[in-house]
Amino acid sequence: LEKYSYDVESYKLGALKARVFRAYPSFVRDIHFCKLLEKTKKYTQVFYNENLDTKDGIDIVVEKNKKLYCIHLFVKTGISQEWKEKKKKRHDFTDMEQIDLSIDFKKATPCGKFYLCGQEELIKVESYIAKRERSI
């Protein structure tokens with residue numbers, strides 16, 4: 001039994017370390033993309049909120065023409081797709097306009113050890129919002 005408990009604790013520590021190593025680059029990507037969106041001056045508001053991110057699974061919120069859009073940034077990997085599906089089950093996004101924005105490392109902008117969003121992701125957000133506004 002002691003050996004089993006030890007293995008479980010080791011596994012938990014390994015999983016925690018893995019999550020921490022993914023969380024910081026994700027946070028940097030969120031803040032960077034938020035600043036890119038602000039810089040365009042196409043939106044009434046653009047904001048990142050730690051509680052929305054960690055508790056509600058919303059990375060960035062933009063407002064345009066009195067409508068809020070929640071942006072979910074995620075890296076295009078199999079594991080991120082699995083977690084994205086789990087998030088859908090944990091959070092209720094039914095009353096919110098959502099933009100799922102996948103980041104392909106092959107196309108992302110490298111900055112030191114980080115891979116950041118760029119012009120392609122800005123265009124995806126603008127296109128999504130423009131399409132939604134036309135359908136209203």
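The following dialogue examines helix α4, the nonpolar core and two polar side chains in a predicted model.

Residues are numbered from 1 along each chain as its sequence is written, and side-chain values use heavy atoms, with hydrogens and water left out. Because this is a predicted model, local features need pLDDT of at least 70 and side-chain atom pairs count only at pLDDT 80 or more, while totals for chains, interfaces and linings use all residues.

Student: Which residues of α4 are buried?
Tutor: Helices here are DSSP runs of H or I with at least four residues, strands are runs of E with at least two, and both are numbered from the N terminus. Buried means under 20% relative accessible area, exposed over 50% and partly exposed in between, with a 1.4 Å probe and protein chains only. By that criterion, the buried residues of α4 are Glu121, Leu122, Val125 and Ile129.

Student: What arc around the axis do they cover?
Tutor: The arc is taken from the directions from the helix axis to the C-beta atoms. The buried residues lie on the same side of α4, because they cover an arc of only 110°.

Student: Which exposed residues does the face of α4 turned away from its buried side carry?
Tutor: This face of α4 is opposed to the side that holds Glu121, Leu122, Val125 and Ile129. Its exposed residues are Gln119, Lys131, Arg134 and Ser135.

Student: With which side chain does the side chain of Arg132 make a polar contact?
Tutor: Arg132 lies in α4, residues 119-135, and counts as partly exposed because its relative accessibility is 32%. A polar contact is a pair of N or O atoms within 3.5 Å; within protein, one must be able to donate a hydrogen and the other to accept it, and residues adjacent in sequence count only if both atoms are side-chain atoms. The partner, at 2.8 Å, is the side chain of Glu97.

Student: Which elements give two or more residues to the largest nonpolar core?
Tutor: A nonpolar core is a set of buried Ala, Val, Leu, Ile, Met, Phe, Trp, Tyr and Cys residues joined through side-chain atoms within 4.5 Å. The largest has 19 residues, and those with the most contacts inside it include Phe33, Leu73 and Val125. The contributing elements are α1 (2-40), β2 (60-64), β3 (67-75), β4 (97-103) and α4.

Student: How far from the backbone nitrogen of Leu73 is a polar atom of the side chain of Asp59?
Tutor: Asp59 lies in the loop between α2 (50-56) and β2, and counts as buried because its relative accessibility is 4%. The distance from the backbone nitrogen of Leu73 to the side-chain polar atom of Asp59 is 2.6 Å.
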